[in-house]
Amino acid sequence: MRVTLTVNGVERTADVEPRTLLVHHLREVLGLTGTNVGCDTTSCGACTVHLDGQSVKSCTVLAVQAEGCEITTIEGMATDGQLHPMQVAFMENHGLQCGYCTPGMVMASTALVAEAEAEGRTLDEAAVREGLEGNLCRCTGYQNIVASVLACARGDVGNATEVQVRREEVPA
Amino acid sequence: MTTIEERLQPESFDDNDQKPVGYGRMLRKEDPRFIRGRGRYCDDIQLTGMLHLAILRSPVAHARIVSIDTSAAQAHPKVLAVVTGADLAEKGLAWMPTLSNDVQAVLATDKVRFQGQEVAFVVAEDRYAARDGVELIDVEYDILDPVIDVRRALEPDAPLIRDDLEGKTDNHCFDWETGDEEATARVFETADVVVTEDIVYPRVHPAPMETCGCVADYDKVDGQLTLWSTTQAPHAHRTVYALVSGLPEHKIRIIAPDIGGGFGNKVPIYPGYVCSIVASLVTGKPVKWMEDRTENLISTGFARDYVMRGEIAATKDGKILGIRTHVLADHGAFNGTAAPIKYPAGFFGVFTGSYDIEAAHCKMTAVYTNKAPGGVAYACSFRITEAVYLVERLVDCLAYDLEVDPAELRLQNLLRPEQFPYTSKTGWVYDSGDYEPALRKSMAMIGYDDLRREQAEKRERGELMGIGVAFFTEAVGAGPRKDMDILGLGMADGCELRIHPTGKAVVRLSCMSQGQGHETTYAQIVAEEIGIPPSDIQVVNGDTDQTPFGLGTYGSRSTPVSGAAAALVSRKVRDKAQIIASGMLEVSVADLEWDKGSFHVKGDPSASVTIQDIAMRAHGAGDLPEGIEGGLEAQICYNPSNLTYPFGAYICVVDIDPGTAQVKVRRFVAVDDCGTRINEMIIEGQVHGGLTDGVGMALMEIIAFDDDGNCLSGSLMDYLIPTALETPTWETGSTVTPSPHHPIGAKGVGESATVGSPPAIVNAVVDALKPYGIRHADMPLTPSRVWDAMQGHPTPPI
């Protein structure tokens, strides 16, 4: 079947089998490999993308179901060479280690913050933890991810010093 | 706003204090690509003409294979090859060696020995067609009784699993023993108090977010095999593939790309890798295999599964005298344990923990069962998770019986700083430790005394609150090559450092990051030693053609072994740089002083040359001192003299809902001492991750089986790992007791939190249940299991 999606602002048309999952279509046909697969039961959220502004798990959407939709993946988050503040926040707060959950986590987080802003809510730690329940991470223990999202939500981004050198002596 | 990339660029540092060299919080060099979706993981690799491989797995735990009909799969228009165990047997590839000198079936030939075992594979044009092909294979099984309960595996009428091994008549895998049995018996006979407890560390799984997989590409013209693979030990894998396949080792190139977490799951060689290599040899095309989550959980390396009877002896005043244990270890159908050959039970011998005791003894029996192979994985540091859990539970059981505070009991028995280096009663030489300040610090951070008062008040009101203490000593950095090897490969690590003419550098490691931040921290180590900014240092790992030989990353061994190598190779380069500098400044080598990044003449700081000046001279046209070759580079292979022994004091507070038996971790303080700290930010991240593993293991995770051997935990719907909701906010602290034998005083730390947190959490839960008269309950402490314990009959997990 022929399917046309607008992915990261660009219209992309391709032939797909009806059974093709959106995540495989993005990764293997459109070459956008930032979106990852971490499970087979819709549990982990590593495949999270934005579909018409909503955060969805792309392993649980057929490519043909997304016909005519606007999709944003992690590759589309930086604009005009500038990273999205959420991406910077994750780096500054060490919100990633192996990086495998990161694309999905950033997509879920940006949707979470946008939703809160639209509703005029202020996110706190509990709300962020609940909002990210659909995204598993095995490396970070979530704490720095939560810190990243909160930093981004309050606009505290772009201030980290690159290096804070410890001046303690090292044994010879 | 400046971009992170701009801030990662080299800057000029006029003020010496601002030199970006040395240890400290440095943002990670690997983040800019991961944050954009530009990481390159195994499944991201696309090669021209690449085919896809899928594996047919056994639906049953134990059965003879009567027949396999592949004709329908062969007839599928997109299928190129269907291969069975019989096909592999013709090439001598149906079985492969494991890391424990056992053998494991690549594809089953005679019978299947665990549910999920590899039976056949299909190679097709795309991943969907490969799965179609698998569905079309028809296998007839003759079902046999399985062995599931490890306690019954050695009964005389137990079904024989390993009839492939000549002369094998039972399910016995190995025996192992450590310590002094007689001396320990004497201590136990004369002790005032002896506490005995059956303690199970259930089977769990590392479950990295990215599963295992590979892309095999055999070039028939060059006779060259390239294998992109999710491997934590690319060099060791290369050697094993050479030995198994008969391909010459210089024609095998293993590339570990970015890895989406390892946690020990990606140390062994799995049948899927071998199948992919065979498939590429057969088809002459690149072949990709990526397992799904179910395959990962049911067939790749599990962790733990130790059934332990523990005993602890003490005086009535609380002086711990001895520890004794008998362990029954479930190794699954093949002994695939990844451990140094002389250590079939890993480093379980450190079960005497952090305490000054008189005698200890352990007797272990390992058995085969109809389950997937594994055992050593999931940040266990070669079975130290089990050792620490045993001793820390036993100490709490002793505190329970003596009716003393568990923190006070530990303070009374901890090793003292003047006892280091300390030789334990099972022969381990702890390098350094200052234990009491660490425990005092964690008690102060959490407000221990106030918490005990709060707990007493809550108990009056019938509320369930528990405080759990754990103090652990780790043993990481395997290891000295005279003792430690994997399949004959000594556990040393190479490192190569090259300084380019313009003063930029590349450092090549034999270890392999899976998210631990090596690209950043090794640049920091080299920066500290050679005075080049970390942003000017490229760290290369994972490609066996590009990096020196070494044994890889697991067992928290990177900093202890490769970190030492990186420091020492830098010093080797610096020594040469000093000679070149002496020629440039026309003074003797002895007249030069090093000042992080430059040499100057003693007493005359204005007469100096930077490392960048020296690099250009080393590659330039001018004269070099007599006997000095051009270039500025070095390579070494570091053989550690001992392991490093980081330690930590953890305290956990839980609240249990008496109506639902649900456990909530309210607070957790972790004080870790890993000696010199290279990057505080990265250590904290490692600790957060490991503590979260602890929540998973203590409260949620188990790989369980039914009586027929069906794995009941084959998906993330059943195998529960913590989300952000179950995970508390961690409170971390540190003390610094450097390792005296390590070049920069650093110890490993990556696995400490996974090792130390489960006993702290379980101790807290059991402490909360004290009003119910419970001294022990086995993990995972799910609501139903805690509920059972509250009814007075705690259930064993297996």
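# A tour of chains A and B

Select Gly468(B) to begin, and then its bridge partner in β32(B), which is Cys652(B). The model on screen is a predicted one, and every distance given along this route is computed from its atoms.

**The strand pair**

Widen the selection from this pair to the two strands that hold it: β22(B) and strand β32, residues 647-656 of chain B, run antiparallel and are joined by 10 bridges. Colouring β22(B) by accessibility shows a strand that is mostly covered, with 10 of its 10 residues buried. In a regular strand the side chains alternate between the two faces of the sheet. Here Leu464(B), Gly466(B), Gly468(B), Ala470(B) and Phe472(B) point one way, while Met465(B), Ile467(B), Val469(B), Phe471(B) and Thr473(B) point the other way, and the residues of both sets are buried.

**Helix α11(B)**

Next select residues 406-413 of chain B, which form helix α11; 6 of its 8 residues are buried, so this helix is largely enclosed by the rest of the structure. The buried ones are Pro406(B), Ala407(B), Leu409(B), Arg410(B), Leu411(B) and Asn413(B). Which elements do the buried residues of α11(B) pack against? Showing the surroundings brings up β17 (320-330), α10 (384-402), α12 (435-446), α13 (448-460), α18 (752-768) and β22 (464-473) of chain B, the last of these being the strand visited above. Before leaving, zoom in on the start of α11(B), where a side-chain oxygen of Asp405(B) comes to within 2.8 Å of the backbone nitrogen of Ala407(B).

**Salt bridges within chain B**

From α11(B), move to Arg416(B), whose side chain meets that of Asp356(B) in a salt bridge of 3.8 Å, N to O. Asp356(B) lies in the loop between β17 and β18 (359-367) of chain B, and Arg416(B) in the loop between α11 and β20 (422-423) of chain B, so the pair ties together parts that are 60 residues apart in sequence. With a relative accessible area of 40%, Arg416(B) is partly exposed.

Two further pairs are worth selecting in turn. Asp170(B) forms a salt bridge with Lys168(B), with 3.6 Å between the closest N and O atoms; Asp170(B) is partly exposed at a relative accessible area of 35%, and Lys168(B) is also partly exposed, at 21%. The side chains of Asp483(B) and Lys482(B) meet in a salt bridge at 3.2 Å, N to O, and in this pair Asp483(B) counts as partly exposed at 26% relative accessibility, whereas Lys482(B) is exposed, at 62%. Then select Arg64(B), Asp102(B), Asp110(B), Lys111(B), Arg113(B), Arg162(B), Asp163(B) and Asp164(B) together, since these residues are joined into one network by salt bridges that share partners. Over all chains, the count comes to 69 salt bridges.

**A buried threonine**

Select Thr300(B), in the loop between α9 (293-299) and β16 (302-314) of chain B. Is Thr300(B) buried or exposed? Its relative accessibility is 2%, so Thr300(B) counts as buried. A polar atom of the Thr300(B) side chain lies 2.5 Å from the backbone oxygen of Asn296(B). Leaving aside residues up to four places away in sequence, Thr300(B) touches His205(B), Cys212(B), Asn265(B), Tyr270(B), Glu291(B), Glu295(B) and Pro373(B).

**Between the chains**

Now display both chains, and select the 63 residues of chain A that are in contact with 78 residues of chain B. The two chains bury about 6,100 Å² between them, 54% of it on carbon and sulfur atoms. Between chain A and chain B the count is 5 salt bridges, and one to look at is that of Arg19(A) and Asp132(B), whose side chains meet at 2.8 Å, N to O. Across this interface, 26 residue pairs are in polar contact. On the side of chain A that touches chain B, the elements giving two or more residues are α1 (22-29), α2 (85-92), α3 (102-119), α4 (125-131), α5 (143-153) and β6 (163-165) of chain A. Of these, α2(A) gives the most, with 5 residues. By class, this side of chain A has 27 nonpolar, 21 polar and 15 charged residues.

**Last stop in chain A**

Finish at Gly9(A), in the loop between β1 (2-7) and β2 (10-15) of chain A, which counts as exposed at 64% relative accessibility. Add Ile71(A) to the selection: Gly9(A) and Ile71(A) are 62 residues apart in sequence, and their C-alpha atoms are 7.9 Å apart in space.

Terms used:
Residues numbered from 1 in each chain as written. Chains lettered and ligands numbered in written order. Predicted model: local features only at pLDDT ≥ 70, side-chain atom pairs only at ≥ 80, totals over all residues. Heavy atoms only, no water. Buried < 20%, exposed > 50% of the residue type's maximum accessible area, 1.4 Å probe, protein only. Helix = DSSP H or I, 4+ residues; strand = E, 2+ residues; numbered from the N terminus. Contact = heavy atoms within 4.5 Å. Polar contact = N/O pair within 3.5 Å; in protein donor to acceptor, adjacent residues only side chain to side chain. Pairing = 2+ DSSP bridges. Buried area = accessible area lost by both parts, 1.4 Å probe. Salt bridge = Lys/Arg side-chain N within 4 Å of Asp/Glu carboxyl O. Nonpolar A, V, L, I, M, F, W, Y, C, P; charged D, E, K, R; others polar.
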